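Hi,

Here is the structure I promised to pass on to you. Have a look at it first, and then read my notes below.

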Amino acid sequence: TACPSLCSAVRHRRWPHLERMPNADSLGWAPTAPPPCAFAGHDPEQEIDLKPESSEEATHRWTVTLGILGIAATMVSGELLKRRGIFRIPEAVIGLLVGVAAGGLSEMFESQTMAEDESFDDEFFMVWLLPPIIFAAGYNMNVPAFFDNLGPTMLLAFGGTVLSAAVVGACVYLAGQLGLAYRLSLLASFFFGSLISATDPVTVLAIFKVIGVRDDIFAVIFGESVLNDAVAIVLARTILSFNTPDADISLLTCLQAATVFCSIFLGSMLIGSLGGTLSALLFKGLGLARVDDKVPLEAALCFAFPWSCYYAAEALELSGIVAILFCGIAMATYARPNLSRHARTLTTELFETLAAIAEAF
């Protein structure tokens, strides 16, 4: 159907009384332009072209469906293993096996579109998956126990991560020079070491919860596991900043790298702490905890501040991960007490749920 005819038919069906109204000529005036068409940007003389769905679009939707079912299968399998007391197989291993199975399906059907949709996207990971995990770790942290054991936690998170990166990078470089592994440059070797230097003791923490270890030991290991991710990311970014043709490894450049590392970390920490403090002042000033039926608004505002801190730090070429981590710690310390009881429960469980989904993804 032509566009004017379709517009006329829709108008007659939805507003039949408009057909009985006098036209413009009988009122003594005439429009200077034809009435606008509902399909802006199309030629009124053209026909509406409805194209059928392509096979690539259908394959993309099936890939998304397969991914969602894979996340559910990973989480269900992990829960069943925990109920049976099996901690040697963490949920991350199950997710890896599910990913291998999904890749096998794409190879079985010889679908290039499915293989491309299932491929790893580092930008999607850094923007949509990692921030919820880091923020939930900071927001749901046992903050008093964390600050009571801040000394050993910071020593392990900073000193241990940097030492691990240096040792791994040196071993990789020497192995390449001896012909025992692929030969990498010194900068690439230390970059590789910084990427794998952060450990994630999920299984250890799960066992600690079962056997009931002391709170200070649990707080040190949990706090170190949260901070070392941020430290490793900042360390890798600092090493990449020296990836220039005229880069020279010397004592001066090492001091420059340490300065860049500290400035990035401290600047990001300042942005996150400031955002968390401002959120606390906002919640206290609005007094939403004293007003009924404001739980959705409280939860929405809890989402606004951490992600604002994340993108602000990234815009300033700092670390959004460090910013969102300390925003979560600051909000857990100062903002959460100013929330209503239902909002505290909702935000805690909601952020934990998002983190669980992101980890399984």
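Let's start with one residue: S197 sits in the loop between α8 (186–196) and α9 (202–211). Helices here are DSSP runs of H or I with at least four residues, strands are runs of E with at least two, and both are numbered from the N terminus. S197 is buried, as its relative accessible area is 5%. The cut-offs are under 20% relative accessible area for buried, over 50% for exposed and partly exposed in between, using a 1.4 Å probe and protein chains only. A polar atom of the S197 side chain lies 3.0 Å from the backbone oxygen of S194. If you skip neighbours within four places in sequence, S197 is in contact (heavy atoms within 4.5 Å) with T161, S164, A165 and A232.

Before you go further, some ground rules. This is a predicted model, where local features need pLDDT of at least 70 and side-chain atom pairs count only at pLDDT 80 or more, while totals for chains, interfaces and linings use all residues. Residues are numbered from 1 along each chain as its sequence is written, and side-chain values use heavy atoms, with hydrogens and water left out.

Now the overall picture. The chain has 14 helices and zero strands. Of its 361 residues, 31% count as buried. Take the contacts between residues at least 6 apart in sequence: 75% of them join residues at least 24 apart. About 22400 Å² of the chain is exposed, and carbon and sulfur atoms supply 65% of that. Accessible areas come from the Shrake-Rupley method with a 1.4 Å probe, and for residues only the protein chains shown count as cover.

Next, the inside. Which residues touch the most other members of the largest nonpolar core? They are F135, F265, F283, L325, F326 and M331, out of 47 residues in that core. A nonpolar core means a set of buried Ala, Val, Leu, Ile, Met, Phe, Trp, Tyr and Cys residues joined through side-chain atoms within 4.5 Å. The elements giving two or more residues to this core are α5 (122–139), α7 (150–177), α10 (215–240), α11 (251–286), α12 (295–315), α13 (320–335) and α14 (341–360). The largest share, 10 residues, comes from α13. As for M331, its contacts beyond four places in sequence are F135, Y139, G276, S279, C302, F305, P306 and R336.

V168 is worth a click too. You'll find V168 in helix α7, and it is partly exposed at 22% relative accessibility. V168 touches F192, G193 and I196, not counting residues up to four places away in sequence. The C-alpha atoms of V168 and S194 are 8.2 Å apart, although the two are 26 residues apart along the chain.

How many salt bridges does a search of the whole structure find? It finds three, where a salt bridge is a side-chain nitrogen of Lys or Arg within 4 Å of a carboxyl oxygen of Asp or Glu.

- E79 and R83 pair up at 3.3 Å, N to O. Both lie in helix α2 (residues 55–83), four residues apart, which is about one turn of the helix. E79 is partly exposed at 37%, and R83 is exposed at 67%.
- R214 pairs with D216, with the closest N and O atoms 2.6 Å apart. R214 is exposed, with a relative accessible area of 56%, whereas D216 is partly exposed at 26%.
- R237 and E314 meet at 3.7 Å, N to O. R237 lies in helix α10 and E314 in helix α12, so the pair ties together parts that are 77 residues apart in sequence.

That last pair leads to another loop residue. S319 is in the loop between α12 and α13 and is buried at 2% relative accessible area. Leaving out neighbours within four places in sequence, S319 is in contact with V234, R237, I264, S268, A313 and E314. So both partners of the R237 and E314 salt bridge are among the contacts of S319.

Last stop, the outside: which residue in helix α3 should you look up? Try V93, in helix α3 (residues 91–108), which is partly exposed at 35% relative accessibility.

Happy exploring!

Terms used
Polar contact = N/O pair within 3.5 Å; in protein donor to acceptor, adjacent residues only side chain to side chain.
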